Amino acid sequence: MLIAPSILSADMANLKSEVDMLNASAAEWIHFDIMDGVFVPNLSFGFPILEAVRRCTRKPLDVHLMMVQPERYAERFKESGASILTVQYEACTHLHRVLERIKKLDMKAGVAINPHTPVSALEEVAALADLVLVMSVDPGFGGQAFIENSYDKISRVSELLLRKNSSAPVEVDGGVTLDNAPKIKAAGAGVLVAGSLVFTAPRPQETIALLAEI
Ligand code: DX5
Ligand code: ZN
């Protein structure tokens, strides 16, 4: 299981030591939740934080855009060090164009779906996406409870990708715990985002290792 701890829950006053902790952990990617106060009812952080972390790690930066008109900033996110750029299906009128643009900028292009968005919405873009992110909470905040319907949804996304001959992983984001992680993996997830679980753990690296071993 590939683990992507979410910086949203890190101690921003000690960001360097948080990233050093991740560098020495089993985390494969570092997840960034970019919130614009429009697509989601919250603001998080932007380029300065991303660039600061980029200078402290070699791990791929997995950037999740919870914002309207993400295409306006694709190039800027590339310059800031993003390796994977994931946009929300609900925020893109021209999703096909946005995914192609991200790929052209030499980043992996991900598409995220909110809890209310049906898997069938991905039918026409599944073959193009490098990653599909299933939101297992309503986006906007860390520390929310996992929505139970997500297990079934993860399985259906995995089936869709298989049917499209895609090797894109399914990433699951929101409410991941040590209890539900095995069931999330069994449903077909390949990447787990973990925010509050990791950063409130007494020994974060052990928690990451436990998740990675699932
Ligand atoms: C939610 C974000 C998540 C969040 C996960 O809007 O997309 O990535 O950081 O946090 P936890 O793991 O605490 O639910
Ligand atoms: Zn996220």
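Which of the 20 residues around ligand 1 come nearest? In this predicted model, they are Asp-33, Gly-140, Gly-143, Asp-173 and Ser-196. The legends below describe the ligand, its shell and the pocket.

**View 1. Polar contacts of ligand 1 with Asp-33, Asp-173 and Gly-175.** The side chain of Asp-33 places an N or O atom 2.6 Å from an oxygen atom of ligand 1. For Asp-173, the corresponding side-chain distance to a ligand oxygen atom is 2.5 Å. Gly-175 contributes through its backbone, with an N or O atom 2.8 Å from an oxygen atom of ligand 1. Of the 380 Å² of accessible area that ligand 1 has on its own, the protein covers 100%.

**View 2. The shell of residues around ligand 1.** Three elements each give two or more residues to this shell: β2 (30–35), β3 (61–66) and β8 (191–194). Strand β2 gives the most, with three residues. Sorted by class, the shell comprises ten polar, eight nonpolar and two charged residues.

**View 3. The largest pocket, whose space is taken by ligand 1.** The volume of this pocket is about 280 Å³. Its lining consists of 25 residues, and those nearest the pocket centre are Gly-142, Gly-143, Gly-174, Gly-175 and Gly-195. Elements that supply two or more residues to the lining are β2, β3, β8 and α7 (196–199). By class, twelve lining residues are polar, eleven are nonpolar and two are charged.

**View 4. Gly-143 and Gly-175 beside the ligand and the pocket centre.** Gly-143 is among the residues that come nearest to ligand 1, and Gly-143 is also one of those nearest the centre of the largest pocket. Gly-175 likewise belongs to the residues nearest that centre, while a backbone N or O atom of Gly-175 lies 2.8 Å from a ligand oxygen atom.

How values were computed: Residues are numbered from 1 along each chain as its sequence is written. Chains are lettered from A and ligands numbered from 1 in the order in which they are written. This is a predicted model: local features need pLDDT of at least 70, side-chain atom pairs count only at pLDDT 80 or more; totals for chains, interfaces and linings use all residues. Side-chain values use heavy atoms; hydrogens and water are left out. A residue is near a molecule or strand if one of its heavy atoms lies within 4 Å of it. A polar contact is a pair of N or O atoms within 3.5 Å; within protein, one must be able to donate a hydrogen and the other to accept it, and residues adjacent in sequence count only if both atoms are side-chain atoms. Accessible areas come from the Shrake-Rupley method with a 1.4 Å probe; for residues, only the protein chains shown count as cover. On a 1 Å grid over the protein atoms alone, a cavity is a set of points where a 1.4 Å probe fits but cannot get out, and a pocket is an open set with protein on both sides within 12 Å along at least five of seven lines; lining residues have an atom within 4 Å of a point. A molecule sits in a cavity or pocket if more than half of its atoms lie within 2 Å of its grid points. Helices (H or I, at least four residues) and strands (E, at least two) are DSSP runs, numbered from the N terminus. Ala, Val, Leu, Ile, Met, Phe, Trp, Tyr, Cys and Pro count as nonpolar, Asp, Glu, Lys and Arg as charged, and the others, Gly among them, as polar. Grid points are joined across faces, edges and corners, and a volume is the space filled by probe spheres set on the points.
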